[in-house]
Amino acid sequence: MSSGVAIGRVRLFQVSNLDVGESVVLENNVDSEVERFADALEQTREQIKDLGQRVKERGEDKSLFEVLSMHLMLLEDRMIVERVKELIQENRYGAEYALSCVVKEAEERYADLPDLFRERFKDVEDICRRVMNNLRGVHTQSLENLDEESVIVARELAPSDTASMRADTVLGFVTEAGGKTSHTAILARAREIPAVVGVSDVSRFVQENELIIVDGETGKVIISPNQDDLRAMHAKQDKQRVRQSRLLSIRDLESVTLDGHVIDLAANIEFASEVETIEKYGASGVGLFRTEFLFLNRVTIPTEEEQFQSYNQVAERLAPKPVVIRTLDIGGDKFAHSLNTPHELNPYLGCRAIRFSFENREIFRTQLRAILRASVHKNISVMYPLISGIGELTLANEVLESLKDELRKEGKPFNEDIPVGAMIEVPSAVLIAPDLAEILDFFSVGTNDLIQYTLAVDRGNQKIARLYEPLHPAVLRMIAMVADAGRHAAIPVEVCGEMASDPLCALVLLALGVERLSMAPYAIPTVKEIVRSIKLVTLREFGVKVLEQHRGAHIKTMLVDALPELLEGRGDLIQQIHESSLLA
Ligand code: PEP
Ligand code: MG
């Protein structure tokens, strides 16, 4: 999911599996096992008291405080506590296994009760999960505060967890859940943290502190590697370092095809602090600033001033290079405590992105004011996410115009002609692209969502990941339709989804008529090398043939077979494309 090799010690993070494998202890160790269980109970009690104290101090959520008090009581429940001790003493079960059995017994007991009481089983599970985490030494704290280099093993990581990782302590991670274009994946790639997702049950097979290797390129995870594995993976790390420094050397070269077409290669960023990587990898600007990350992992909403500082910092540092700021895209797989995002059964189809902004008009207005104020640098464009129809676009623009009025009256400067674009990531927007083009200054195709909404495949669900096909003919025809609509209306069409970062997919996008790509900064050098090795006219002819195909698998084969001709014999580059293509 995210290239690179990580070699390090396991840190289990919020692994909450209550169904653990059978284990027994030696007769002499029974007492210490009971003691270990008692320690885990005590640790859990302290954690809950601490949590309760913090909830009380913040004066928020009385019901949460009540739940925590009830959990404290459950920790005294004889049916749980005494029963676990009994299983350890009489059957010589390991504490984890004894607890796992007791949870199953409780589940059976509660199953026979009326609905109202059955709900209480969730609390039993919840508290037992905490005890289990303490028994196993699993970390539930923020990943921000890790004190030593580790490889994280988790059932699932939310984008906010990944956002809080520090690249100097998190060497890599493995999760049981997750898809290649989930925001957790996107962040891992952006931060160049090697990662593998979709490894069923991995947390059951590893121990805290065990040595582990994560190869984000092949998707291989080796638990307790032997000397040969270690030697091979260290060699692979060295090879990657050499490749990396060679790629960096092309940073200052122009992104121009052999037949003289300039292809704009911009960067996607999540934090203002990423401007450095933009310079490091030679991006032409920022094609997508995902501003929602400013709202995650915090208790309060960022003020207009704080947002202004963030946008301004990026725009000022990069000027005159363009910076596209996307308004809040919260919802889907990104939730912010500070925003009180609603709990929905189907969040990807729910109150997400521009819909959330319309529902929370003050938050939208504050953000647009901050963007407008930062637009004095003239290199800022604003972009709306998840536009599905003309009505949303005109409404968003009305809000924007009303804020321009407001700023005029306040005498605050801004760019009167700030360009306005929209993400094209919903199939309906593709079909009405010619209409949208009349109102917009540019399109930016969000392939991550366009694929999931076109093919009805959740981008974060590993169970159906094989159906998530970037090269599906329906997806490619949609992209071509947007490119055509942009060309007719003479407005630029950019692709800022992960397809732009993937070398094979990037080639297809150029073949279909896209001339601007925005991607994770690390991907820019490889894509630039491709651009510098192709003739656009040949590639476009190839694009016509691609659109005639009926199956994604054929398109991939066609593409792989055509590489030697398209790249005029650049064997080294072809090899590298094969190695670094994660999506196709
Ligand atoms: C996309 O959908 O392709 C996109 C770039 O937006 P995000 O990944 O943030 O949903
Ligand atoms: Mg999107």
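## Ligand 1 and the domain 1–domain 4 contact

A polar side-chain atom of aspartate 449 sits 2.9 Å from an oxygen atom of ligand 1. The model here is predicted, so to speak of local features pLDDT must be at least 70, side-chain atom pairs count only at pLDDT 80 or more, and totals for chains, interfaces and linings use all residues. Side-chain values use heavy atoms, with hydrogens and water left out.

**Exercise 1.** Work out how much of ligand 1 the protein buries, and which residues surround ligand 1.

*Solution.* Start with the area: ligand 1 exposes 290 Å² taken alone, and the protein buries 100% of that (Shrake-Rupley method, 1.4 Å probe). Next, the surroundings: 17 residues are around ligand 1, the closest being His183, Arg290, Arg326, Asn448 and Arg459 (a residue counts if one of its heavy atoms lies within 4 Å). Then go to single atoms. The side chain of arginine 290 puts an N or O atom 2.7 Å from an oxygen atom of ligand 1. Threonine 447 uses its backbone instead, with an N or O atom 3.1 Å from a ligand 1 oxygen.

**Exercise 2.** Describe how domain 1 meets domain 4.

*Solution.* First, the bounds, from an automatic or database domain assignment: domain 1 is 1–15 + 141–226 and domain 4 is 448–584. Their C-alpha centres lie 27 Å apart. Contact (heavy atoms within 4.5 Å) takes 18 residues from domain 1 and 11 from domain 4. Now the area: the two bury about 1,300 Å², 56% of it on carbon and sulfur atoms (accessible area lost on being put together, 1.4 Å probe, summed over both). Finally, look for charge: the rule finds 1 salt bridge across this interface (side-chain nitrogen of Lys or Arg within 4 Å of a carboxyl oxygen of Asp or Glu).

Technical notes
Residues are numbered from 1 along each chain as its sequence is written. Chains are lettered from A and ligands numbered from 1 in the order in which they are written. A polar contact is a pair of N or O atoms within 3.5 Å; within protein, one must be able to donate a hydrogen and the other to accept it, and residues adjacent in sequence count only if both atoms are side-chain atoms.
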